[in-house]
Amino acid sequence: KLRWGYSWPTQLCPPGTGTAAGTMQFLGELTPPAGNADELVSFFQPPSPEEIRKGCHGGHVRPWTWSMSVSSMDSVISFAEPNACGPEEVSLKHLSAASPAALVGCSTDYRLLQTGWALADAVLLTGAVLRAERTLVCAPRDHDIVTAAASLRPRRPRPTPLQVVVSAKCDFLARDFQPPVDLIWRPQVAPDTCSPSDGPSTYVLTTPPTFAALRAAGTLAALPAHVCVVEIAEQSPGLIDFRKALSYLRKRLHVELLDVSGGGQVIGELVQLKLLDEVRLTIAGQLCGAMNAAGEPRPNLFSFRSCGPGARRRQVFTPTTAPLLHYIGIRSIRPGASGRSHHIFVRSALEYRHDVEACDEDAAASD
């Protein structure tokens, strides 16, 4: 029996998903050229409304949380070269003009990304992602996806996802930060289909020292009304406690479903703290290699760093404590005239076997 009470392998999916029998097709092909909206939303169907409303997952009151990433077959998420654009080269987007198979795969990956945003109540990013992207764009653009998602969750807390940025430094909030970051979130669909609710649409979660510094400098008072900065307790100096951050999102902002579009460090942190429920991954058919041209390690999908007070002890997984991934569904795009397909789309659930408290205690003892 797995965490949802279903037996492997025929019924491995959240309650209420898939067919009337309670199962979701495990293997399948998406309709070319980029999957129709019903297929995509069905593939990413959230758990049952009862499970969502319960709001307590793994012993913590928090949203149901998934990560959405693209990586190479060897789990690299960025080439980390001076002229590279992060995940775009990993996803093979740079080959789209010359390769129909790459174009179809990248288009499907982006539509799946939009599907996650359309179903989520909030999208969590990091300061590093915002500095690289320079703007908040985590909102669905395709009307058919928005419509299909709205029919699945007609009573969601808000029609469009909140933009949540987690940053210990918040340097991008400074007026003289160059190049400037656009924190003005705009819905990417027609107002009659999807419009923001009243109140802030962007939340920046930061540490108490940074919050105090921003207030003393007058930065908070100068922010537009739709941007709200919130102080979250630290897990260790300079590191936000994600347990408290996700609890804040659930209790105060009524976020039931959370999409994490951050990098490998954030995903690794959530895994260490047993806060991630699903891994949704596009695997691009290439091998990037572990090191860049300068001999530095390339970012990978799960970057596990120190955990616990003092952040001195690294979480070490053993054969008996390593988290297990249970595959819920796997999708591909039917090869076209070229007979080639470069992308696989995977949805999996996490089963945790390690003890977070033991890691915290060992780290505290090392201070």
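In this predicted model, a network of salt bridges links Arg111, Asp142 and Asp144. Within that network, the side chains of arginine 111 and aspartate 142 meet with an N to O distance of 3.0 Å. The two partners come from distant parts of the chain, 31 residues apart: arginine 111 sits in helix H4 (residues 100-119), whereas aspartate 142 belongs to the loop between helix H5 (127-133) and helix H6 (143-152). Their surroundings can be told apart by accessibility. Arginine 111 has a relative accessible area of 11% and is therefore buried, while aspartate 142, at 23%, is partly exposed. Side chains of opposite charge can pair when their charged atoms come close.

A search of the whole structure returns 12 salt bridges, and two further examples deserve a look. In one of them, arginine 153 pairs with aspartate 121, with the closest N and O atoms 3.1 Å apart. Arginine 153 lies in the loop between H6 and strand E6 (162-166), and aspartate 121 in the loop between H4 and strand E5 (122-126), so this salt bridge ties together parts that are 32 residues apart in sequence. Is aspartate 121 buried or exposed? With a relative accessibility of 0%, aspartate 121 counts as buried, because the cut-off is under 20%. Arginine 153 counts as buried too, at 9%. The other example joins the side chains of aspartate 241 and arginine 243, at 3.5 Å from N to O; both of these residues are buried.

Arginine 153 turns up again at a pocket. The second largest pocket holds about 340 Å³ of space. Its lining consists of 14 residues, and those nearest the centre are Pro49, Ile52, Arg53, Leu152 and Arg153. Helix H2 (residues 49-54) gives the most to this lining, contributing three residues.

Attention now moves to the nonpolar interior. In soluble globular proteins, nonpolar side chains tend to be buried together. Here, the largest nonpolar core comprises 36 residues, and Leu112, Leu130, Phe172, Leu173, Leu183, Val204 and Val229 have the most contacts inside it. Two or more residues of this core come from each of H1, H4, E5, H5, H6, helix H7 (208-216) and strand E8 (227-231). The largest share, five residues, is supplied by H4. Leucine 130 offers a view of the packing: leaving aside residues up to four places away in sequence, leucine 130 touches Thr135, Leu136, Val165, Phe172, Val181 and Leu183. A second core, separate from the one just described, has 35 residues, including Leu162, Tyr248, Val266 and Ile267.

Helix H6 can also be followed residue by residue. Its buried residues are Ile145, Val146, Ala148 and Ala149. The cover over these residues includes helix H1 (37-43) and H4.

Which overall figures frame these local features? The secondary structure comes to 11 helices and 16 strands. The protein has 367 residues, of which 51% count as buried. Among contacts with a separation of 6 or more, 77% involve residues 24 or more positions apart. The accessible surface of the protein is about 16400 Å², with 56% of that area belonging to carbon and sulfur atoms.

Technical notes: Residues numbered from 1 in each chain as written. Predicted model: local features only at pLDDT ≥ 70, side-chain atom pairs only at ≥ 80, totals over all residues. Heavy atoms only, no water. Salt bridge = Lys/Arg side-chain N within 4 Å of Asp/Glu carboxyl O. Helix = DSSP H or I, 4+ residues; strand = E, 2+ residues; numbered from the N terminus. Buried < 20%, exposed > 50% of the residue type's maximum accessible area, 1.4 Å probe, protein only. Contact = heavy atoms within 4.5 Å. Core = buried A, V, L, I, M, F, W, Y, C linked by side-chain atoms within 4.5 Å. Areas by Shrake-Rupley, 256 points an atom, 1.4 Å probe, with all protein chains shown as cover. 1 Å grid on protein atoms, 1.4 Å probe; cavity = no way out; pocket = protein on both sides within 12 Å on 5 of 7 lines; lining within 4 Å. Points joined across faces, edges and corners; volume = space filled by probe spheres on them.
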